[in-house]
Amino acid sequence: MKRACLLLIGLLYLMSTTTHGQSNDLYLFVGTYTTKTSQGIYVYKFNTNTGDFTPISVATGIKNPSFLALSPDKRYLYSVAEMSGGAVSSFSFDQKSGYLTMLNTQSAGGDGPCHVAVDKTGKWVIVGNYRGGSLSILPVQVDGSLGKATQTIQHEGSSVNKERQEKAHVHSINIAPNNEDVFVPDLGTDKIMTYQLNTQTGQLTPGTPAFTAATPGAGPRHFTFHPNGKFAYVIQELDGTVTGFNYKKGQLAPFQTISTVPDDYKGRKWCADIHISPDGKFLYGSNRAHESLVIYSINQKNGQLTYVGHQDVLGKTPRNFMIDPTGKWVLVANQDTDNIVIFGRDKKTGKLTPTGKEIKVSMPVCLITL
């Protein structure tokens with residue numbers, strides 16, 4: 001009896017220490033513009049139980065590391081350098097210390113790179129150049145560093161907004177769950193370009209069809225896939241809308257376009273980012289100028305969006321935001337008020353509640369977690 005009791009106590013102790021050892025902390029990476037006081041890429045610990053955060057490290061030596069992407073094995077981070085003569089840099093990441101170490105930098109093949117993605121094999125990095133209107137693919141070396149671009153594709157064309165759509169402006173790189181279809185919204189041409197990725201050679205070839213047209217003047221920007229892999233959504237910067245698509249075999253078939261701002265709103269329409277909750281039930285989009293996140297519920301059968309509400313972002317210019325993997329928190333990067341505001345998220349209603357917590361960092365642009 002005594003032996004059984006001791007065995008039970010030992011088992012309970014082992015269970016408690018195992019549970020305690022399972023950290024609720026994530027690493028939060030913050031890409032920034034360095035035009036004011038930011039020093040580069042900021043790393044924090046973020047606790048998914050409490051919403052608290054702790055500064056860990058800063059990676060310096062790169063200008064305007066505005067957008068970031070992690071390798072599939074989480075060992076490497078890739079960052080654009082959003083400037084003339086744009087570049088993309090690779091970093092190794094030590095998960096024990098929380099420090100980034102720069103490995104190397106390569107040309108992005110165009111000016112003003114604003115988005116970067118890594119394919120699921122971890123062998124290829126694709127960067128989108130906003131000002132250059134192009135995208136480039138770079139091979140990943142054995143040590144995680146980047147080789148020189150093996151291909152650069154130049155977009156051509158314009159659209160009806162003469163100030164913003166005078167030429168091509170590649171705005172994001174989106175690799176489908178099959179790791180073959182690559183969708184590239186081009187704000188300048190009002191097209192979502194489609195490519196096929198050969199993961200053996202790293203070559204991109206035109207998809208079928210080669211593009212999906214947006215409404216003239218819409219300005220497609222960021223793009224996301226539903227967790228079920230059947231739906232995709234694009235947020236359009238210039239006309240303040242989200243369009244939903246049925247996605248199958250490299251093709252996008254639009255089924256709905258819905259406004260991101262209230263009907264009586266008369267100010268500037270200036271959308272930025274788009275994300276879906278981990279459970280696939282809610283979609284969120286950011287409105288700069290209106291300074292809000294719009295919230296929609298998602299019909300799980302047909303992908304249709306239904307308006308739920310707006311949440312004031314408690315800052316200016318919500319350039320980027322993220323939903324943590326637990327779905328409990330939404331973090332909003334307000335570029336022009338130098339703060340990342342932390343909201344609690346109701347998983348049943350999708351609505352957000354301010355926590356009173358915020359991270360002070362200059363010109364935050366991109367948020368990702370590990």
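**Salt bridges around Glu237**

Arg288 counts as buried, because its relative accessibility is 5%, which falls under the 20% cut-off for that class. In this predicted model, Arg288 forms a salt bridge with Glu237, and the closest N and O atoms of the two side chains are 3.4 Å apart. This contact links distant parts of the chain, since Arg288 belongs to strand S21 (residues 282-288) whereas Glu237 sits in the loop between S17 and S18, 51 residues apart.

Glu237 is itself buried, at 2% relative accessibility, and its side chain also meets that of Arg164 in a salt bridge, with an N to O distance of 3.0 Å. Arg164 lies in the loop between strand S11 (151-154) and strand S12 (174-175), and Glu237 in the loop between strand S17 (231-236) and strand S18 (241-248), so this pair ties together parts of the chain that are 73 residues apart in sequence. Arg164, with a relative accessibility of 22%, counts as partly exposed, while its partner Glu237 is buried.

A further salt bridge joins the side chains of Lys360 and Glu358, at 2.9 Å from N to O. Lys360 counts as exposed, with 61% relative accessibility, and Glu358 is partly exposed, its relative accessible area being 29%. Elsewhere, salt bridges that share partners join Arg164, Arg221, Glu237 and Arg288 into one network.

Taken over the model, the count comes to six salt bridges, among them the pair of Arg164 with Glu237, the pair of Arg288 with Glu237 and the pair of Lys360 with Glu358.

Notes: Residues are numbered from 1 along each chain as its sequence is written. This is a predicted model: local features need pLDDT of at least 70, side-chain atom pairs count only at pLDDT 80 or more; totals for chains, interfaces and linings use all residues. Side-chain values use heavy atoms; hydrogens and water are left out. A salt bridge is a side-chain nitrogen of Lys or Arg within 4 Å of a carboxyl oxygen of Asp or Glu. Helices (H or I, at least four residues) and strands (E, at least two) are DSSP runs, numbered from the N terminus. Buried means under 20% relative accessible area, exposed over 50%, partly exposed in between (1.4 Å probe, protein chains only).
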